[in-house]
Amino acid sequence: MGFLWFGRRKKPDVSTGGPQPEPEVIAAQEAAAEAAHAHEAAHHPETVAVDVPPEPAHTPEPAPTPAEALALLKAGNAAFLSGDTRLGHVTAQDLEPLQGGQHPIATIVGCADSRTPPTILFNQGLGRLFIIRVAGNTVDRRGLASIVYAVKHLQCPLVVVMGHTGCGAVAAAEAVVDGRAELDPSLEEMIVPILPAVLSARHMGGPDQARLAVEENARRVVARLLTADTALAEAEATGKIKVVAAVKDMSSGRVYFLDEDAPEATAAAATADSHGHDHADHGHDHHDHAPAHAAEHA
């Protein structure tokens, strides 16, 4: 801070009764002080005290209700389908208002499949989604703790368990259930949690067993979340949060919210998906069934 006073005029000590400077000398000293101050401000602005009004603190948007958060995701998926997205405008500058914390509108439990990124599917930018992803969109203890953290500490109002058609993890579980492959020990933690959903789908029957198994897997994960932790169960019971299952159609990118969307819409989705199912299965056999084939050759 020494630079702040460099060149400033020192007031004469009138208490001693000494001789006072001539007026022209005082004027010269003041001019020199102002010039030095201006030079300091130009070359070292950080050392010059300037009264700048503080910037207003960023105030986060009011947290949406569970129903509002769900509506935002549906609208975001509709925008993704129509191509009217805003993600192209997301830049590093959008990180600035998030430095004080995050306030996501939804927690997404999704599959690790590279074709199902929630941020893009729901047209949401930075700080909007709290995402847990693992192959088969199942939840272990660490995943459960992450969800509880989002609900209790981030006040996240919505939890979505999102599967997708053509899921390789579900296909591997189907192969084990149908006896087409043995359970690969290295994939056990991925496949075993999905087996009950496949068995349930086989019990219900139906023309599209693959899609039914995906839906059952998502529903069962939702049910497990609501029984595995009392904090989630209480929050759901009081209406603080909503926990829903969803399935993303691989062919179209549309996300259907099971038990939330109209039954005819879900039925239409299954019909539309079945038309392209054979084509998807050709690629699915070579890629998504890789765990099963690996088990056969182990």
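**Walking through the fold, starting from its rings**

Let's begin with the aromatic side chains: in this predicted model, the count of aromatic pairs comes to two. Take Phe 122 and Phe 257 to start with. Their ring centres sit 6.3 Å apart and the planes meet at 35°, so this pair is tilted. What makes the pair handy as a landmark is how much chain lies in between: Phe 122 is in the loop between helix 3 (118-121) and strand 2, while Phe 257 belongs to strand 5, 135 residues apart. Both Phe 122 and Phe 257 are buried.

The other pair is Phe 130 with Tyr 149, again tilted, with 6.1 Å from centre to centre and 45° between the planes. Phe 130 is in strand 2 and Tyr 149 is in helix 4, so this pair ties together parts that are 19 residues apart in sequence. How do the two partners fare for exposure, buried or partly exposed? Phe 130 has 16% relative accessibility, so it falls under the 20% limit and counts as buried. Tyr 149, with a relative accessible area of 39%, is partly exposed.

Those strands bring us to the sheet. Five strands make up an open sheet, in the order 2-1-3-4-5, with mixed pairing. At the edges you'll find strand 2 (129-133) and strand 5 (255-258), each pairing on one side only. From one strand to the next, the twist averages 25°. Helix 2 (residues 66-82) packs on this sheet and touches strand 1 (106-110), strand 2, strand 3, strand 4 and strand 5, with its direction at about 35° to that of strand 3. Helix 4 (residues 141-152) also packs on the sheet, touching strand 1, strand 2 and strand 3, and its direction makes about 170° with that of strand 2.

Now zoom in on strand 4. Its parallel neighbour is strand 3: seven bridges join strand 3 (residues 158-164) to strand 4 (residues 242-248). Along that seam, Met 162 has Ala 246 in strand 4 as its bridge partner. Strand 5 runs antiparallel to strand 4, and four bridges join the two. Here Ala 245 stands opposite Leu 258. Strand 4 and strand 5 form a hairpin with six residues between them, and Gly 253 in the turn has a positive phi of about 90°. Why can we call strand 4 largely enclosed by the rest of the structure? Because six of its seven residues are buried.

Next, the greasy interior. In soluble globular proteins, nonpolar side chains tend to be buried together. The largest nonpolar core here has 39 residues, and the members touching the most others are Val 139, Ile 147, Val 159, Val 161, Leu 225 and Leu 232. Elements giving two or more residues to this core include strand 2, helix 4, strand 3 and strand 4, along with helix 8 (209-228) and helix 9 (230-237). Helix 8 gives the most, with seven residues. For a close-up, look at Ile 147: leaving out residues up to four places away in sequence, it touches Thr 107, Val 109, Ile 132, Val 139, Val 159, Leu 225 and Leu 232. Apart from this core lies another one, of 16 residues, among them Ala 69, Ile 108, Leu 129 and Val 160.

Finally, the charges. The structure holds eleven salt bridges. One of them joins Asp 113 to Arg 115, with the closest N and O atoms 2.7 Å apart. Asp 113 is buried, at a relative accessible area of 14%, whereas Arg 115 is partly exposed at 37%. Another pairs Arg 219 with Glu 215, where the closest N and O atoms are 3.9 Å apart. These two are four residues apart in helix 8, so about one helical turn separates them. Arg 219 is partly exposed, with 27% relative accessible area, while Glu 215 is buried at 9%.

Back at the sheet, Glu 260 forms a salt bridge with Lys 242, and the closest N and O atoms are 3.5 Å apart. That one links distant parts of the chain: Glu 260 is in the loop between strand 5 and helix 10 (263-275), Lys 242 is in strand 4, and 18 residues separate them. Glu 260, at 31% relative accessibility, counts as partly exposed, and Lys 242 is partly exposed with 28%. Elsewhere, salt bridges that share partners join Arg 211, Glu 215, Arg 219, Asp 249 and Asp 259 into one network.

Definitions and conventions: Residues are numbered from 1 along each chain as its sequence is written. This is a predicted model: local features need pLDDT of at least 70, side-chain atom pairs count only at pLDDT 80 or more; totals for chains, interfaces and linings use all residues. Side-chain values use heavy atoms; hydrogens and water are left out. Two strands pair if DSSP finds at least two bridges between them. Axes are lines fitted to C-alpha atoms, for helices over the stretch in contact, and angles run from 0 to 180 degrees between N-to-C directions. Contact means heavy atoms within 4.5 Å. Rings of Phe, Tyr and Trp (its six-membered ring) pair if their centres lie within 6.5 Å; planes under 30 degrees apart count as stacked, over 60 as edge-to-face and the rest as tilted. Buried means under 20% relative accessible area, exposed over 50%, partly exposed in between (1.4 Å probe, protein chains only). A nonpolar core is a set of buried Ala, Val, Leu, Ile, Met, Phe, Trp, Tyr and Cys residues joined through side-chain atoms within 4.5 Å. A salt bridge is a side-chain nitrogen of Lys or Arg within 4 Å of a carboxyl oxygen of Asp or Glu.
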